[in-house]
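Welcome, and thanks for taking a look at this one. Here is a short briefing to read alongside the coordinates, grouped by topic so you can jump around.

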Amino acid sequence: MYALPLVTVTLASFGVSGVRSGVAGRQTDEPWTNPIVEGWYADPDGLKFGDTYWVYATVSIAFDNQTWFDAWSSPDLVTWTKQEPPVFSASSAWAVDWLWAPCTIERDGKYYFFYTANNPIDNEGNAGIGVAVADTPGGPFNDLIDHPIVDKHINEANAMDPQVFVDDDGTYYLIWGGSFVNIARLSDDMASIVPWEDGSEAKEITPDQGFGEGSFMLKREGIYYFMWSEGGYGTPDYRVAYAMSESVLGPFERIGLMLSKDEVVADGPGHHSIFEDDDGEYYIVYHRRIIGDDVGDNRVVAIDRVFFNDDGTIQPVVMT
Ligand SMILES: *[C@@H]1O[C@H](CO)[C@@H](O)[C@H](O)[C@H]1NC(C)=O
């Protein structure tokens with residue numbers, strides 16, 4: 001068991017920008033202060049490449065104006081440096097706007113950047129999930145192919161919110177979806193999804209209840225944790241739930257919430273990612289809302305710790 005530090009409520013007033021001032025926080029022993037970066041950002045993808053932490057995020061503005069992605073790097077989770085130029089800009093053959101939900105992964109020394117573009121909820125053919133590539137985690141990433149890697153509803157799942165999950169055996173999976181969620185294996189060159197043995201393009205792994213969007217698969221001690229966001233992202237009740245399974249294909253039965261609003265810290269936390277540090281500690285990177293703020297796009301990026309119980313279940317995240 002870990003002893004959580006005693007929490008006291010504090011009102012952080014950074015006086016730096018309008019975005020950060022007035023954000024309620026919790027004082028803890030953690031060295032960083034949430035939100036970790038300035039500005040409205042969402043759907044953060046946080047992970048470590050070598051000795052450097054990276055966070056990639058959706059620019060949380062009107063969909064039509066979402067034409068690039070930003071990212072930050074840090075040596076210590078405290079000091080974050082914004083990447084210039086932006087890690088990805090919509091200058092590709094097909095992706096124009098409505099860019100959201102980035103996911104970056106390393107494979108054989110190259111860095112692959114998966115993203116959503118062009119209103120994938122309504123359009124088919126020229127909208128969905130893209131994949132770009134770069135030689136360094138800071139990009140800029142250029143499209144690997146001149147079309148979406150997933151460009152239509154499969155198993156009723158919207159072609160959005162990609163996550164690449166790498167299993168212990170080295171298999172790379174693409175997991176994605178809105179309303180329903182799919183899994184498929186990625187080809188060795190990361191440019192396509194590989195049909196399953198039965199010929200299906202993707203297997204549906206939607207949990208038994210609550211699934212909305214923002215999928216995230218994590219494997220720990222042989223158990224697959226499938227996590228997702230529930231509720232409307234512009235509402236205080238946006239939240240993260242999870243399921244556990246011994247198979248990457250499920251079935252996934254909802255266990256409960258692992259991250260939800262906290263009346264003294266933040267509303268609407270969700271669309272997260274989790275990474276394990278070199279010392280075995282787990283961190284969750286997510287976006288959240290300022291309490292009482294009803295502007296849908298006003299989302300900020302935060303990091304907190306994730307602790308597991310002895311039976312493998314996840315303790316509710318204490319937002320700081
Ligand atoms: C998009 O950006 C342009 C240029 O800054 C601005 O005029 C416009 O109002 C923005 N669109 C929306 C829907 O906010």
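The lining of the largest cavity draws at least two residues from each of β3, β8, β17 and β21. Please keep in mind that this is a predicted model. The protein chain has an average pLDDT of 92, and 92% of the residues score at least 70. The stretch to treat separately is residues 1–23, where the pLDDT is below 50; beyond near neighbours in sequence, this stretch has 45 contacts in the model.

**The enclosed space**

- The structure holds one cavity of 30 Å³ or more.
- The volume of the largest cavity is about 100 Å³. It has 14 lining residues, and Pro-102, Pro-162, Ser-215, His-271 and His-272 are the closest to its centre.
- By residue type, the lining of the largest cavity splits into six nonpolar, five polar and three charged residues.
- As general background, rolling a probe the size of a water molecule over the atoms shows where empty space is left.

**The open space**

- The largest pocket offers about 610 Å³ of space.
- Which residues lie nearest the centre of the largest pocket? They are Leu-47, Ile-105, Val-166, Ile-274 and Phe-275, out of 26 residues that line the pocket.
- Five strands each give at least two residues to the lining of the largest pocket: β3 (41–49), β8 (100–107), β12 (163–166), β17 (213–220) and β21 (267–276).
- Of these, β3 provides the largest share of the pocket lining, with five residues.
- The pocket lining is made up of 13 nonpolar, four polar and nine charged residues.
- Strands β3, β8, β17 and β21 therefore deserve a look from both sides of the story: they are named for the lining of the largest cavity, and they are named again for the lining of the largest pocket.

**A four-stranded sheet**

- Strands β8, β9, β10 and β11 form an open sheet in the order β8-β9-β10-β11, and the pairing is antiparallel.
- At the edges stand β8 and β11 (142–143); each has a single partner strand, so one side of each is left without a neighbour in the sheet.
- Six bridges pair β8 with β9 (residues 110–117) in the antiparallel sense. Among them, Cys-103 has Phe-114 in β9 as its bridge partner.
- β9 and β10 also run antiparallel, joined by seven bridges; Tyr-115 finds its bridge partner in β10 at Gly-130.
- Between β10 and β11, two bridges make the antiparallel connection, and Asn-142 in β11 is the bridge partner of Val-133.
- Why is strand β10 (residues 128–134) described as largely enclosed by the rest of the structure? Seven of its seven residues are buried, so the strand is largely enclosed.

**Backbone features to check**

- Most residues other than glycine have a negative phi, and most peptide bonds are trans. The next four residues or bonds are worth viewing with that in mind.
- Asn-34 and Pro-35 are joined by a cis peptide bond with omega of about -5°. Pro-35 sits in the loop that runs between β2 (24–27) and β3.
- A cis peptide bond also links Gly-250 and Pro-251, with omega of about 10°. You will find Pro-251 in the loop between β19 (239–245) and β20 (253–259).
- Glu-221 has a positive phi, near 50°, in a residue other than glycine. Its home is the loop between β17 and β18 (223–230), and its relative accessibility of 69% counts as exposed because the cut-off for exposed is over 50%.
- His-271 has a positive phi as well, near 35°. This histidine lies in strand β21 and is buried, with a relative accessible area of 8%. His-271 is also one of the residues closest to the centre of the largest cavity.

**A buried tryptophan**

- Is Trp-228 buried or exposed? Trp-228 is buried, with a relative accessible area of 0%, and its place is in strand β18.
- Trp-228 and Ser-273 are 45 residues apart in sequence, while their C-alpha atoms are 9.7 Å apart in space.

Key. Residues are numbered from 1 along each chain as its sequence is written. This is a predicted model: local features need pLDDT of at least 70, side-chain atom pairs count only at pLDDT 80 or more; totals for chains, interfaces and linings use all residues. Side-chain values use heavy atoms; hydrogens and water are left out. pLDDT is the predictor's confidence in each residue, from 0 to 100. Contact means heavy atoms within 4.5 Å. On a 1 Å grid over the protein atoms alone, a cavity is a set of points where a 1.4 Å probe fits but cannot get out, and a pocket is an open set with protein on both sides within 12 Å along at least five of seven lines; lining residues have an atom within 4 Å of a point. Grid points are joined across faces, edges and corners, and a volume is the space filled by probe spheres set on the points. Ala, Val, Leu, Ile, Met, Phe, Trp, Tyr, Cys and Pro count as nonpolar, Asp, Glu, Lys and Arg as charged, and the others, Gly among them, as polar. Buried means under 20% relative accessible area, exposed over 50%, partly exposed in between (1.4 Å probe, protein chains only). Two strands pair if DSSP finds at least two bridges between them.
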